[in-house]
Amino acid sequence: MRVRHRLLLILATFIAVASLAIDLTASILIDRAVADRAVERLRAESELLARQIDEVWPATVRQADAWADEAGAALGLRVTLIDAAGVVLGDSQVPPGEIQSMENHLHRPEVIEAAAGGSGVAIRLSASIGRDMQYLARRIGLTGSPRGFIRLAIPSSDLQ
């Protein structure tokens with residue numbers, strides 16, 4: 001009888017540990033798949049927007065911000081237009097009066113990567129709006145002489 005109880009306890013423990021391991025692995029795989037899918041979405045949408053904005057690059061901050069606001073509302077994402085020097089021209093989640101006081105974005109990880117390779121991805125805290133965001137930036141124009149960058153972002157909390 002005692003041997004049966006011990007074997008049953010060992011088996012129950014093994015099943016519990018195996019179940020936890022499977023649950024943890026599945027959770028990690030699902031989180032990774034959701035994050036990968038979000039990046040794929042941002043890549044596809046940024047490519048379409050990059051083509052559009054390259055044809056009608058805004059002449060003023062007001063035009064750039066209006067374009068970012070419209071694109072952001074249509075996609076349900078944060079859209080930021082950044083010139084080649086890193087100056088923010090428009091942002092769908094920053095009020096127009098605050099855009100000119102935003103930090104230079106040329107040294108943001110996703111922008112650095114986009115300048116070098118065409119597009120860049122980063123997950124980090126937004127200094128502008130104080131939320132963790134998944135970013136994708138895309139260079140507008142040629143490697144040596146970019147016109148600027150378009151950056152799309154989705155809150156990390158939306159991915160969870």
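1. A good place to start is the largest nonpolar core, which has 19 residues, with Trp67, Val79, Leu81, Ile150 and Leu152 making the most contacts inside it. Such a core is a set of buried Ala, Val, Leu, Ile, Met, Phe, Trp, Tyr and Cys residues joined through side-chain atoms within 4.5 Å; buried means under 20% relative accessible area, exposed over 50%, and partly exposed in between (1.4 Å probe, protein chains only). The elements giving two or more residues to this core are α1 (2-55), α2 (61-75), β1 (78-83), β4 (132-141) and β5 (146-155). The largest share, five residues, comes from α1. Helices (H or I, at least four residues) and strands (E, at least two) are DSSP runs, numbered from the N terminus.

2. Please keep in mind that this is a predicted model, where local features need pLDDT of at least 70 and side-chain atom pairs count only at pLDDT 80 or more, while totals for chains, interfaces and linings use all residues. Residues are numbered from 1 along each chain as its sequence is written, and side-chain values use heavy atoms, with hydrogens and water left out.

3. A second, separate core has five residues, among them Ile82, Val111, Ala114 and Ala137.

4. Next, have a look at β5. Eight of its 10 residues are buried, so β5 is largely enclosed by the rest of the structure. β5 pairs with β1 in the antiparallel sense over six bridges, and with β4, also in the antiparallel sense, over nine bridges; two strands pair if DSSP finds at least two bridges between them. Isoleucine 82 has phenylalanine 149 in β5 as its bridge partner, while glutamine 134 has isoleucine 154 in β5. Four residues form the hairpin connection from β4 to β5.

5. How do the two helices α1 and α2 meet? Their packing angle is about 145°, and their axes are 13 Å apart. Axes are lines fitted to C-alpha atoms, for helices over the stretch in contact, and angles run from 0 to 180 degrees between N-to-C directions. Arg41, Glu45, Leu49, Gln52 and Ile53 in α1 meet Trp67, Ala71 and Leu75 in α2, where contact means heavy atoms within 4.5 Å.

6. Finally, glycine 120 sits in strand β3 (residues 119-125). Is this glycine buried or exposed? Glycine 120 is buried, with a relative accessible area of 0%. Leaving out residues up to four places away in sequence, glycine 120 touches Glu110, Glu113, Ala114, Tyr135, Leu136 and Ala137.
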